[in-house]
Amino acid sequence: MIKILIVDDEKPICDLIDLNLSAAGYCCQTVQDGLKAAELIEKESFDLILLDIMLPGASGYDIMEYVRPMGIPVIFITAKHEVRDRVKGLKLGADDYLVKPFDVVELLARVEAVLRRYNKSNQVLTAGDVTVDVEARRVTKAGKEVALTNKEFGLLVLFIRNKNVALFRETLYERVWEEEYFGDSRTLDLHVQRLRKKLGWEKKLAAVYKVGYRLEEPK
Amino acid sequence: MKFSLKLLLSTVMVLAAALGFTGYFFVNYVFETSLSREARQALDENSILRFAFETAALNVPTKYDVLQDHTLEQIASNLETSGQRTGRLLRLSGEEKNVLYASEGFEADSALLLQAEENVRSWQVIFLSGRYYVQTVSGLHAMDRMLYLETLRDVSEVFEERELGFVVYRRVTVLMLALGACIMHFIASVLTRPIRQLKKATKRMAAGEYGYRAKRLSADELGQLTRDFNRMAQALEENMKELEAQVQDREDFVAAFAHELKTPLTSIIGYADMLRSRRLDEEKSFLSANYIYTEGKRLEAMSLRLLDIIVTKRQKVEFQTVSVQLLFDYLQEMFTAREDMEFLFSCEEAMVSMEANLIKTVLINLVDNACKASEEHGRVAVTGKREDAGYRFAVQDHGVGIEREEISKITKAFYMVDKSRARSKNGAGLGLALCVEILALHGSRLKIESETGKGSRFSFVLPMAEREAV
């Protein structure tokens, strides 16, 4: 299982990230102090560190310097949004930089992306009898290959990574189409319809009234 | 043209004129004196010759009553040859200015002779075949004849000396000018050094090096100018630094504000998003909702505090005369409800001029801070005491204390010494900033004394009410 260390001086934010990453199947540990974080990093091994910059004890930059030689991927999560802060963080060797306030979906996507880069992520996702090989871009249902368009594939990956989470129309649109959502959701609906049809997920991919869609999977 | 060059050129010009004039005057003066001396000698010679002539004429045998022309010639010739070694030249003329005898080489015209009078000796300088002579003339009586005796005296040497004087003097002048120019160049460059220093300083400052100062090299007007310039630069630099510090403060404030705003927002947005998009179990739902509530409260507290500060900054306060005892009673009542701390209130009664509600806020903030810094059941002492300058309020705790380098920062908005500790006690880092604003309205300042591990003491002085002071 992938172990993620969350370092943020705000307990609510630690818990928030912890809850969401745990639900996505990661094993999380939280710490609110820079020095304690360094101790933990030394003692245990982690696959990814989510790091705030303004920390009591030792700043995120200090911890970054300490972590770099270990080769553990790091994502900065901070309220510092200015370009020079971001550049500083990335120059220090961080793999990504997320500015507060952030969307949980975006956090998950970035975590996924960084882990994939380090070949630590689950490259094969499953939901029921559907298997998705993200790297090979191959989708099979009950052993039979299903042909999907780019957008349909993106939607499917997003749904499987966020099982049982109601994904809002704007979130889906912004993440898959990478454009700002202006309320015209017919394109999105159309793609979801075709995805349902191709996978036989008419019931599984449920519409959530006035919200969007949710991939339902019994636990 | 450079100032030093101007100075150099004008000095050299004045020097040249002065040297030229003095040289000409001096050489000419020497020449004039030499010439008049020569003329005097020539006249003396003329007198001697006349005397000799008259004597010789007396010695002529008085065969005749009248001196014959050839006799005169004879005498003149004798006189001439007697002074042969000196190259004596003379000319003898009769009463009608007719030449009776002339030495060989006596080629002067008769202009002087024609003007000559009987009893007057006169002289003039003439130029004859490349040489200068002093020509003299005087009348003489020999027997009954009226005669005129002229002499020539070679004075070329005097003229040559004058020429030589001019030549030497020209050389000396040129040499002196060159030497003077060198010295003046040196002097000018020394004198204009302060100007060059100033020029350099202005250039460096214009290029952005505001800390550069011109070196002060003299105590004269230029030195004073340099000093004044440096003072001006100093004042400007200080002003600029102050402005920069203000801008920096404002930037820091905005950055801190953004950070303090985003942190609770992240939680609120994140948990709300979880609530709306996930089916959470009851425990998690409660946790999320609670976080949204507490973080929302935190935002509220922060915005209210900020508002307080902004309002306080703009406020025009009206001061009242307040009894310290009443104020302490109020505080005591407010804090005795807290059982986790030990409070000690003691004051000297006095009437103090203040805006009571604002000062209450200050004291409550300070006591709150003292509680936050202390262990459970720690002791917090609030005291009031008369002093020479006014009335001093002090809040003392025996808590963690503040590190020396932190003391100057703790009154800045959003600054928290121990963030996680402050946060857990619901602080926004704005309390002391508010206190400082309120005290500034009262013309007072917050005094902070602290030692790590031993505790801190925050105090301020307010003026006594007027009727008390009298």
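The following exchange looks at surface charge and burial in a predicted model. Local features need pLDDT of at least 70 and side-chain atom pairs count only at pLDDT 80 or more, whereas totals for chains, interfaces and linings use all residues. Residues are numbered from 1 along each chain as its sequence is written, chains are lettered from A in the order in which they are written, and side-chain values use heavy atoms, with hydrogens and water left out.

Reader: What share of the residues of chain A counts as buried?
Author: Chain A has 8 helices and 12 strands, taken as DSSP runs (helices H or I of at least four residues, strands E of at least two). Buried means under 20% relative accessible area with a 1.4 Å probe, protein chains only, while exposed is over 50% and partly exposed lies in between. Of the 219 residues of chain A, the buried share is 53%.

Reader: Is A:Glu170 buried or partly exposed?
Author: A:Glu170 sits in helix α7 (residues 169-176) of chain A, and it gathers with A:Asp103, A:Glu174 and A:Glu180 in a surface patch of negative charge. Such patches are made of residues with over 30% relative accessible area and no salt bridge, like charges being joined within 9 Å; a salt bridge is a side-chain nitrogen of Lys or Arg within 4 Å of a carboxyl oxygen of Asp or Glu. Because its relative accessibility is 33%, A:Glu170 counts as partly exposed.

Reader: Is B:Lys2 buried or exposed?
Author: B:Lys2 is found in the segment before α1 (3-59) of chain B, and a positive surface patch includes B:Lys2 along with B:Arg193 and B:Lys215, among others. Because its relative accessibility is 60%, B:Lys2 counts as exposed.

Key:
Patches are made of residues with over 30% relative accessible area and no salt bridge: like charges are joined within 9 Å, nonpolar side chains (Val, Leu, Ile, Met, Phe, Trp, Tyr) within 5 Å. Accessible areas come from the Shrake-Rupley method with a 1.4 Å probe; for residues, only the protein chains shown count as cover. Lys and Arg count as positive and Asp and Glu as negative; His and the chain ends are not counted. The place of a charge is taken as NZ of Lys, CZ of Arg, CG of Asp or CD of Glu.
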